[in-house]
Amino acid sequence: MGIKLFDLTGKNAFITGGAQGIGKAIALAYADFGANVAIVDLDMEKAEQTCSELREKGVKALAVKTDVTNPGQVDDMVRTVVGEFGGLDIAVNNAGIANLNNAEDISYEDWLQVIDVNLNGVFLTARAAGKVMLQQKSGSIISTASMSSSIINVPQKIANYCASKAGVKHLTKALAVEWAPHNVRVNCISPGYIGTELVASMTDYLPGWTEKTPMGRIGSPEDLIGAYVYLASDASQWTTGSDLVVDGGYTCL
Ligand SMILES: NC(=O)c1ccc[n+]([C@@H]2O[C@H](COP(=O)([O-])OP(=O)(O)OC[C@H]3O[C@@H](n4cnc5c(N)ncnc54)[C@H](O)[C@@H]3O)[C@@H](O)[C@H]2O)c1
C-alpha cells in the first residue's frame, strides 16, 4: 500500500468550525491529500475565504452556514454536503468555544453554552453523519476533544470546558462500539495548547503554558495535521474508539 495508505483522493469530508484555526488547517491538509471539503461554520465570510483556498488546490469546496447546536440545521447541512459531493466519507466535529470563570461564579447560561457547542454539537453532527455512513457501511468520524478531557488546565478556570471535552472523549467510545459492526470508525483527537483565536484572550497564561510543555512551546494548527489525516485515511482502518493526544508532552506530567 505504501504512501497511498494516507491518500484521501476523491473522499468527501465536512469540518465544523472549519473557517479558521485548527479546522482550517485540517481542511487545507485534507485538500492536499485529495479530499473535497465542506466548511461548516457560523462565520460565512471566513468560510468562503477558506473555500477559495481549498479550490486553488484543485478540490471541490463548499461553505455551509450551520449552528452545530441546532439539530435541524445540522441535518440539513449533512443533506446538502451529500447532495453536492455525492457521499460522505469523513466527518470532523471540531467547532468549539471556551469561556473563563470560577466554577462557583459561572452563570448557568455560560455553563450551558459551552456544553451545547462542545458536547451537544459533537453529538448532533456525529448522529447526522453516522446515519449516512451506516447506510454506506463506511466512514470515519473524528471529533476534536482536548487534553482538557483528561487533565485540568491551570491557572485558568474552565470547568465547563473540561467537562464538555471529557464528554466528547467518552461519547467517542460509545459511538465507536455501536457503529463498529457497520464499518464506521469514530475517534477523537486531544490537542494541547494551540495558538488560535480561541486562546487569543489568554496571552497572559502563555509563558506558564510554554514552561509546562515538555517540548518547550505551544503548538500550531499545523502540528495536528498528521493526526487528522491518519484518522481520516485507510492508515487507521483498524483504529476506532481511540483518543489521539497531540500535546508536546503536556499530559505526561
Ligand atoms: N486552541 C487550543 O488550544 C485548543 C486546544 C485543544 C482543543 N481545542 C479545540 O479545537 C477546536 C477548534 O478550536 P480553535 O482553537 O481552532 O478555535 P477557533 O476559535 O479559532 O475556531 C473555532 C471555529 O468554530 C466556529 N464555531 C463556534 N461556534 C460554532 C457553532 N455553534 N456552530 C458552528 N461553528 C461554530 C467558529 O466560528 C470558528 O470558526 C475546538 O473544539 C477547541 O475546543 C483547541
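Is Asn-183 buried, partly exposed or exposed? With a relative accessibility of 44%, Asn-183 counts as partly exposed, where buried means under 20% relative accessible area, exposed over 50%, and partly exposed in between (1.4 Å probe, protein chains only). We'll come back to that residue after a look at the ligand.

A quick word on the ground rules. What you have here is a predicted model, in which local features need pLDDT of at least 70 and side-chain atom pairs count only at pLDDT 80 or more, while totals for chains, interfaces and linings use all residues. Numbering runs from 1 along each chain as its sequence is written, and side-chain values use heavy atoms, with hydrogens and water left out.

**The ligand and its surroundings**

The ligand takes up the space of the largest pocket. A pocket here is an open set of points on a 1 Å grid over the protein atoms alone, with protein on both sides within 12 Å along at least five of seven lines; a molecule sits in one if more than half of its atoms lie within 2 Å of its grid points.

Around the ligand there are 28 residues, each with a heavy atom within 4 Å of it. Ile-22, Asp-41, Asn-94, Tyr-161 and Thr-196 come nearest. By type, the shell splits into 14 nonpolar, ten polar and four charged residues. For that split, Ala, Val, Leu, Ile, Met, Phe, Trp, Tyr, Cys and Pro count as nonpolar, Asp, Glu, Lys and Arg as charged, and the others, Gly among them, as polar. Helices α1 (21-32) and α5 (159-179) each supply at least two residues of this shell; helices (H or I, at least four residues) and strands (E, at least two) are DSSP runs, numbered from the N terminus.

Now for the polar contacts, meaning pairs of N or O atoms within 3.5 Å; within protein, one must be able to donate a hydrogen and the other to accept it, and residues adjacent in sequence count only if both atoms are side-chain atoms. Here are the ones to the ligand, followed by two within the protein.

| Protein atom | Partner | Distance |
|---|---|---|
| Asp-41, polar side-chain atom | ligand oxygen | 2.5 Å |
| Thr-196, side-chain N or O | ligand oxygen | 2.5 Å |
| Thr-66, polar backbone atom | ligand nitrogen | 3.4 Å |
| Asp-43, polar side-chain atom | Glu-45 backbone nitrogen | 3.2 Å |
| Asn-160, polar side-chain atom | Asp-110 backbone oxygen | 3.3 Å |

Back to the ligand contact at Thr-196, whose side-chain N or O atom is 2.5 Å from a ligand oxygen. The protein covers 92% of the 830 Å² of accessible area that the ligand has on its own, going by the Shrake-Rupley method with a 1.4 Å probe.

**Two residues from the table**

Asp-43 belongs to the loop between β2 (36-41) and α2 (44-55). With a relative accessible area of 31%, Asp-43 is partly exposed. Its C-alpha atom is 9.5 Å from that of Gly-18, and the two residues are 25 apart along the chain.

Asn-160, by contrast, is buried at 1% relative accessible area. This residue is part of helix α5.

**Backbone oddities**

So what about Asn-183? Its phi is near 65°, a positive value in a residue other than glycine, and it falls in the loop between α5 and β6 (184-191). Lys-137 has a positive phi too, about 65°, although it is not a glycine. You'll find Lys-137 in the loop between α4 (108-136) and β5, partly exposed at 46% relative accessibility.

There's also a cis peptide bond, joining Val-154 and Pro-155 with omega at about 0°. Pro-155 is in the loop between β5 (139-144) and α5.

**Sequence versus space**

Asp-32 lies in helix α1 and is exposed, with 53% relative accessible area. Asp-32 and Lys-57 are 25 residues apart in sequence, and their C-alpha atoms are 6.8 Å apart.

Ile-225 sits in helix α7 (residues 225-232) and is partly exposed at 23% relative accessibility. From Ile-225 to Thr-240 it's 15 residues in sequence and 18 Å in space, C-alpha to C-alpha.

Conventions. On a 1 Å grid over the protein atoms alone, a cavity is a set of points where a 1.4 Å probe fits but cannot get out, and a pocket is an open set with protein on both sides within 12 Å along at least five of seven lines; lining residues have an atom within 4 Å of a point.
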